[in-house]
Amino acid sequence: MAKAQQPSAKAAAKKRIVKVDTYGDVHISASFNNIIISITNKNGQVISWSSAGKMGFKGSKKNTPYAAQMAAADAAKTAFDAGVKKVDVYVKGPGAGRESSIRSLSQNGIEIAMIKDCTPLPHNGCRPPKKRRV
């Protein structure tokens, strides 16, 4: 006797419906190792996302302006097809591809209304490690 077909876990999970407006947010997280770009609506629900690792870059090539440009173009293309036309950009982190990812967003037809740097800065937080003795 054949077993009864059970739906897989992915098929059983209900797909989330995201409301896509023409105006949204772009969150760019640029670390020393990777860059992650998320395009969201004003409620914070993700419409599209991309990263340098998702685009196929490995190792130190992930932290290059070219990798950031490719990742931003990929996320922008998906969001533009969904209906996003105008965005506010929030940039976080010290990575290399901050400017090139913003430039790539505007080249792919998304109008940029505002750019804000949200990089967290310590107010003299943690104690630094002790001096290295050689």
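Select Lys54 and Asp74 to begin, and look at the place where their side chains meet in a salt bridge, 3.9 Å from N to O. Lys54 lies in the loop between E3 and H2 whereas Asp74 belongs to helix H2, so the pair ties together parts that are 20 residues apart in sequence. Lys54 is partly exposed, with a relative accessibility of 43%, and Asp74 is likewise in the partly exposed class, with a relative accessible area of 24%. Keep in mind throughout the tour that this is a predicted model.

**The whole chain**

Now show the whole chain as a cartoon and follow it from the N terminus, where you should be able to trace 3 helices and 5 strands in the order α-β-β-β-α-β-α-β. If you turn the view along the principal axes, the C-alpha atoms fill a box of roughly 75 × 45 × 30 Å. The chain has a radius of gyration of 19 Å, whereas a compact globule of 134 residues would have one near 14 Å. Colour the residues by accessibility if your viewer allows it: 31% of the 134 residues count as buried. The chain exposes about 9600 Å² in total, and carbon and sulfur atoms supply 55% of that area. When contacts between residues at least 6 apart in sequence are considered, 64% of them join residues at least 24 apart.

**Along helix H2**

Select residues 65-82 next, which make up helix H2. How far apart should the ends of its 18 residues be, at 1.5 Å a residue? The expected span is 26 Å, and the end C-alpha atoms are indeed 26 Å apart, so the two values agree.

With the helix still selected, highlight the alanines Ala67, Ala68, Ala71, Ala72, Ala73, Ala75, Ala76 and Ala79, which are buried. In an α-helix there are 3.6 residues a turn, so residues three or four places apart point the same way. Add strand E2 (35-40), strand E3 (46-51) and helix H3 (98-107) to the view, since these are the elements against which the buried residues of H2 pack. Just after the end of H2, pause at Gly83, whose phi is positive at about 125 degrees.

**Two residues where helices meet**

Which residues does Ala72 touch, once its neighbours within four places in sequence are left aside? Select Ala72, which is placed in helix H2, and you will find it in contact with Ile37, Ser101, Ser104 and Leu105. Ala72 counts as buried because its relative accessibility is 0%, and buried means under 20%. For a longer look, draw a distance from its C-alpha atom to that of Gly97, which is 25 residues away along the chain: the separation is 9.8 Å.

Move on to Ser100, a residue of helix H3. Ser100 is buried, with a relative accessible area of 11%, and, apart from neighbours within four places in sequence, it is in contact with Pro65, Ala68 and Gln69.

**More salt bridges**

The chain has 5 salt bridges by count, so far represented on this tour by the pair Lys54 and Asp74. Select Lys42 and Asp88 now, whose side chains meet in a salt bridge of 2.8 Å from N to O. Lys42 is in the loop between E2 and E3 and Asp88 is in strand E4 (residues 86-92), so this pair ties together parts that are 46 residues apart in sequence. Is Asp88 buried or exposed? At 7% relative accessibility Asp88 counts as buried, whereas its partner Lys42 counts as partly exposed at 37%. Add Asp25 to the selection, and you will see that Asp25, Lys42 and Asp88 are linked in a network of salt bridges.

Another salt bridge to select joins Lys19 and Asp21, whose closest N and O atoms are 3.0 Å apart. Here Lys19 counts as exposed at 56% relative accessibility, while Asp21 is partly exposed, with a relative accessible area of 30%.

**The last stop: two cysteines**

Finish by selecting Cys118 and Cys126 and comparing their surroundings. Cys118 is partly exposed, with a relative accessible area of 32%, and Cys126 counts as exposed at 77% relative accessibility. How many disulfides should you expect to find in the chain? The count comes to 0.

Technical notes. Residues numbered from 1 in each chain as written. Predicted model: local features only at pLDDT ≥ 70, side-chain atom pairs only at ≥ 80, totals over all residues. Heavy atoms only, no water. Helix = DSSP H or I, 4+ residues; strand = E, 2+ residues; numbered from the N terminus. Expected span 1.5 Å × (residues − 1). Buried < 20%, exposed > 50% of the residue type's maximum accessible area, 1.4 Å probe, protein only. Contact = heavy atoms within 4.5 Å. Disulfide = S-S within 2.5 Å. Rg over C-alpha atoms; globule rule 2.2 N^0.38 Å. Areas by Shrake-Rupley, 256 points an atom, 1.4 Å probe, with all protein chains shown as cover. Salt bridge = Lys/Arg side-chain N within 4 Å of Asp/Glu carboxyl O.
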